[in-house]
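Trainee: Could you take me through one part of this model closely, the place where the two chains meet? I would like a connected picture rather than a list.

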There are 2 protein chains.
Amino acid sequence: MKRKITLKQIARELDVSISTVSKALRNSAEISDDTKQKVQAFAKLYNYRPNNIALSLKNRKTNTIGIIIPEIVHHFFSKVIRGVELVANNRGYNVIVGLSNESFSKEVINMEMLANGSIDGFILSISKETQQLQDYHHFNETMSQGMPIVMFDRVVSDINCDKVIVDDLNGARNAVEKLIKNKCKSIALITTKDYVSVGKLRTQGYLDALEKHQIQPKAELILKIDDTLDYETHLEALEKEIEQLFKSNKNIDGIFAVNELYALSAMKVARKLGLDIPNDIQVIGFTDGVLSKHSTPSLTTVSQHAQQMGEKAADLLINKLENKIETEEEEFQTIVIETELIERESTK
Amino acid sequence: MKRKITLKQIARELDVSISTVSKALRNSAEISDDTKQKVQAFAKLYNYRPNNIALSLKNRKTNTIGIIIPEIVHHFFSKVIRGVELVANNRGYNVIVGLSNESFSKEVINMEMLANGSIDGFILSISKETQQLQDYHHFNETMSQGMPIVMFDRVVSDINCDKVIVDDLNGARNAVEKLIKNKCKSIALITTKDYVSVGKLRTQGYLDALEKHQIQPKAELILKIDDTLDYETHLEALEKEIEQLFKSNKNIDGIFAVNELYALSAMKVARKLGLDIPNDIQVIGFTDGVLSKHSTPSLTTVSQHAQQMGEKAADLLINKLENKIETEEEEFQTIVIETELIERESTK
DNA sequence: ATAAGTCACGAAAACGTTTTCGTGTTAAAA
DNA sequence: TTTTAACACGAAAACGTTTTCGTGACTTAT
């Protein structure tokens, strides 16, 4: 088991100084062609590669970015990671991931773990718990130490940093307008409790669409799910609630759900109640994941372009890292990614 | 924008030496209580945290592990990552991800990028292209430099390293036996081309089960899909092939598919042909992803315990890293994760 | 023959730690 | 009073780089 070779070893072996080796490898004009050739040949033979850690220390730059997300087993977030990884790699950066698991303390710990020199900047989407607690000190501290942050999807407006968000409001509005155009008269909304920023915006989009078409929103058509529960394990509870919604409102002919699972559950319940999709009820979901595509009937849904979000976020962060020309009074951007309604079988 | 504070700055500020500060913070007995208190208070005030990069350089240990996977937008792999992250974090390690995107060269590049000091060891699952090319020099080189590797799921038997694998053969056999016990007389197999190691093993499991029950395997019941195509985009092609299978073999009453998507497509085609699941045809898939759980009918499937695989892999790697007592003649383990048949609506 | 200039290289500092060893001061023991 | 021991701290090396600056040996021009 041979250790990785270092400049020092090459220098000793060739009986020159470390500086000479370093310069020779970087093709400095200071070094004679003879020596360069000798050194480069030797380095190649022993497969020399500069030690990244040493470079990071010297340059005070790690060329690594940290991404912290609430959950990785999730189509949306993994697509974002893919986007981040793609541009990060192309631009010479590595990506280190931290999972907050929707917990505030894990988010804080993860950030502290990485902020001590391991990375140059953060890309993150905040956890539900953080959204509830509204405790953002860790973001402020990190930024005050000169480490840039880019937030995506679940952002917090109080924090001044670059952001990449989905146009949740318009996405929702377009979806609901689609239902309205498709002659739905009684459109229900299945959403989350209001503290989830994106849930709130999508709810607002639903309301906007109704208002625009002079439809009176009815409270009994709005189902707010408590998603602090892990809904994967509380599937029946979810379905019960939806079934209740249907039974109390027999005239529902359209459903807009703020995520895939709610939409799928709605379809399942509808089928159970003998309703045909899309003839009796039309359904639109949010987030273009695998479920939407492969369900039967396949689900019309609002795509968020997750990968593109990741790409934008990474570009934003790396631009900031590389333009540290101390612009003073830095300016922060918010990039809005437009949604796209992907029409499938669950709507007419 | 204040930079992170360093030992040197604290030392200058308090008019002591760097060594004294360092020792005081680590509560060394060499330092007087007075000085310790002074230093510790100051450090706390300025929120001092040792610079990770400097520590890594000094200790020749980064406390970071690299994981390289073919694809992150994939339920199985993201679950593995979650497992890795979980134990890595608990044991004080960070995780840095690289995506090979099923490409040999990206796999190599990613490994080289990380092997230069950024990480202490690898966890990886090899890309399809690497499996085809059978070029494993990058693994050997990495290991010969003293960097341990743990392979999971898609492993290569020629390489001597720790491994975590799924019992694909038995998982498949059990699934097919389940179909046999459920009175299926004509069981079809939908699998991949043979170079994918796991596909091969699952195919073998299918054959074993048939043989055990004295059923003659028929070539026309075995459909081998070329999955170098991205099947997400070639869905229709896939369905066409399956439809052909059904039409040429009208008596098929059981399907075993080596992944979720094949199984789902089979169900879709069956439904289209007017067949009832599970009464006319029973279906079992492999990999317990979201699709299996939320499809209608929900899919009986072979679960691989992906998260557990990730956990085991991480434990294996970290154990190796921390027991570098130079056991000489090191020994490598292969941990086999047993599968579990999760019965749902697609079987009787 | 001397001054000036070029060439090829080495010494050393720096990045931020930890740790070994040395040393001056004070207190205890002879 | 002198020797020894304990105490509290600092200097320096090391991890592996890059880069600035200095310098000796030539070469060229005066």
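**Where chain A meets chain B**

Mentor: Happy to, and let us start in the middle: β2(A) and strand β2 (residues 94-99) of chain B pair in the antiparallel sense, over three bridges. Within that pairing, A:Val95 stands opposite B:Val97 in β2(B). Please keep in mind throughout that this is a predicted model.

The strand pairing goes well with the symmetry of the two chains. A turn of 180° with a shift of 0.0 Å along the axis lays chain A on chain B, and the RMSD is 0.0 Å. The two copies are thus related as by a two-fold rotation axis. Which residue of chain A comes closest to that rotation axis? The answer is A:Ile96, whose C-alpha lies at 2.0 Å from the axis. Residue 96 falls within the range 94-99 given for β2 of chain A. Both copies use the same surface, as 100% of the contact residues of chain A recur in chain B.

Now step back to the whole interface. Contacts are made by 56 residues of chain A and 56 residues of chain B. Together the two chains bury an area of about 5200 Å² between them, and carbon and sulfur atoms give 56% of this area.

Polar pairing also appears here. By the rule, 13 residue pairs are in polar contact across the interface of chain A and chain B, with both residues at pLDDT 80 or more. Several elements of chain A each supply at least two residues to the side that touches chain B: α4 (52-59), α5 (75-90), β2 (94-99), α6 (104-115), α8 (137-144), α12 (260-272) and α13 (290-294). Of the contributors, α5(A) gives the most to this side of chain A, with seven residues. By residue class, the side of chain A that touches chain B divides into 21 nonpolar, 21 polar and 14 charged residues.

For the charged residues, a general point helps: side chains of opposite charge can pair when their charged atoms come close. The rule finds two salt bridges across the interface of chain A and chain B. In one of them, A:Glu71 pairs with B:Arg82, and the closest N and O atoms are 3.0 Å apart. Over all chains, a search of the whole structure finds 30 salt bridges. An example inside chain A is the salt bridge of A:Asp120 with A:Lys61, where the closest N and O atoms are 3.2 Å apart. This pair links distant parts of the chain, 59 residues apart: A:Asp120 is in the loop between α6 and β3 (121-124), and A:Lys61 is in the loop between α4 and β1 (64-69) of chain A.

The corresponding loop of chain B, between α4 (52-59) and β1 (64-69), holds B:Arg60. Phi of B:Arg60 is near 50°, a positive value in a residue other than glycine. Backbone geometry is worth a look elsewhere too. In chain B, the peptide bond from B:Thr296 to B:Pro297 is cis, with omega near -5°, and B:Pro297 is found in the loop between α13 (290-294) and β10 (300-303). In chain A, a cis peptide bond with omega of about 10° joins A:Ile277 and A:Pro278; A:Pro278 has its place in the loop between α12 and β9 (282-286).

Conventions. Residues numbered from 1 in each chain as written. Chains lettered and ligands numbered in written order. Predicted model: local features only at pLDDT ≥ 70, side-chain atom pairs only at ≥ 80, totals over all residues. Heavy atoms only, no water. Contact = heavy atoms within 4.5 Å. Buried area = accessible area lost by both parts, 1.4 Å probe. Salt bridge = Lys/Arg side-chain N within 4 Å of Asp/Glu carboxyl O. Polar contact = N/O pair within 3.5 Å; in protein donor to acceptor, adjacent residues only side chain to side chain. Helix = DSSP H or I, 4+ residues; strand = E, 2+ residues; numbered from the N terminus. Nonpolar A, V, L, I, M, F, W, Y, C, P; charged D, E, K, R; others polar. Pairing = 2+ DSSP bridges. Least-squares fit on C-alpha atoms with pLDDT ≥ 70 in both.
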